[in-house]
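Student: I would like to learn how to read the core and the sheet of a protein model. Where do we start?

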Amino acid sequence: MLSYPVNTLCPPDEQLNILQITDLHLSTPVNKGTDDSSGDAVLCQHSFETVLAQALNDDIRCDLIVVTGDLVNRVKPDIYDHIFAVLQATGIPFACIAGNHDVTDELGYDLPFFQRELVAKPADPRLLSRHVIESAHWQLLFLDSSIAGKVSGEIAPSDIDWLCQQLSHCSKPALIAVHHHLIPVDSDWIDTHMAKNSEDFWQQMSAFTHLKAIISGHTHQEQVRHYQGVTVYSTPSTCYQFKPFSDDFAYDKHAQPGYRWLQLANNGEVASWVERLDT
């Protein structure tokens, strides 16, 4: 069985190939009933495993699977047991961080969102925070941006201090993985739920020119932006998608579930693209 979490990676050609999947939103383990009245439980379960199978059938070696939060829609240990069993069965090292749904249960799915009760939950201990994975040429930094009982996130001052310490002590090109987005995606409703303290985060990160990339989930859509010399990637959900550039909440009913590949070269360059589930 793979050890978890992994701390070092040694790809055979010194190029690091990362598969990012995000926002699985599982409500029940396979073959069990669900009390999720949203109607998405079966869809999300099927999409997660189908997306993972398709990605690992791509003509690219996978060195690491990164799951950037919202693994569940209900905080239940047996759902995490199932997800971790599926990931372990790939035989590929993986890393999982928390999203808002991993520390918050929503009560009243039959009600409009603003009428639902948000209940704080403890994060599953297998979800990583302030974790480092190193290869010969890269440093990967994993951070928990979730706030129990909240939809929005936060990069706490102590988290920023930890990032500064890691980036100061290692000059390798760096990638940060976090759930909540750190720059607006021009959808007002989801941008109200991005990571707080983002201005302080970017001010502190400006000192580190070897910070090359940030990957996140939460927005359920594909975007690539550039800020302070850093490429910032938002990635589609393995389940349902949100309509981009929409001021009000809306699903993108024409967008398929997806995943992101990142190729981290030994010279610090990043190549990345999104694939969608075959129809």
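Tutor: With the core, bearing in mind that this is a predicted model. A nonpolar core is a set of buried nonpolar residues joined through side-chain atoms within 4.5 Å. The largest one here has 29 residues, and Leu 19, Ile 21, Ile 65, Leu 71 and Ile 83 touch the most other members.

Student: Which elements each supply at least two residues of this core?

Tutor: They are E1, helix H1 (41-56), E2, H2, E3 and strand E14 (258-264). H2 gives the largest share, six residues.

Student: Which residues does Ile 21 touch?

Tutor: Leaving out residues up to four places away in sequence, Ile 21 touches Phe 48, Val 51, Ile 65, Val 66, Val 67, Thr 68, Thr 238 and Tyr 259.

Student: What does a second, separate core include?

Tutor: That core has 23 residues, among them Val 132, Ile 155, Ile 160 and Met 205.

Student: Now the sheet. In what order do the five strands lie?

Tutor: The order is E3-E2-E1-E14-E15, in an open sheet with mixed pairing. Strand E3 (94-97) and strand E15 (270-276) each have a single partner strand, so one side of each is left without a neighbour in the sheet. On average, neighbouring strands are turned by 20° against each other, direction ignored.

Student: In which sense do strand E1 and strand E2 pair?

Tutor: Strand E1 (residues 16-21) and strand E2 (residues 64-68) are parallel, with four bridges. One bridge partner to look up is Val 66 in E2, which belongs to Gln 20.

Student: Where does helix H2 lie?

Tutor: Helix H2 (residues 77-89) lies across E2 and E3, and runs at about 155° to E3.

Key: Residues are numbered from 1 along each chain as its sequence is written. This is a predicted model: local features need pLDDT of at least 70, side-chain atom pairs count only at pLDDT 80 or more; totals for chains, interfaces and linings use all residues. Side-chain values use heavy atoms; hydrogens and water are left out. Two strands pair if DSSP finds at least two bridges between them. Axes are lines fitted to C-alpha atoms, for helices over the stretch in contact, and angles run from 0 to 180 degrees between N-to-C directions. Contact means heavy atoms within 4.5 Å. Buried means under 20% relative accessible area, exposed over 50%, partly exposed in between (1.4 Å probe, protein chains only).
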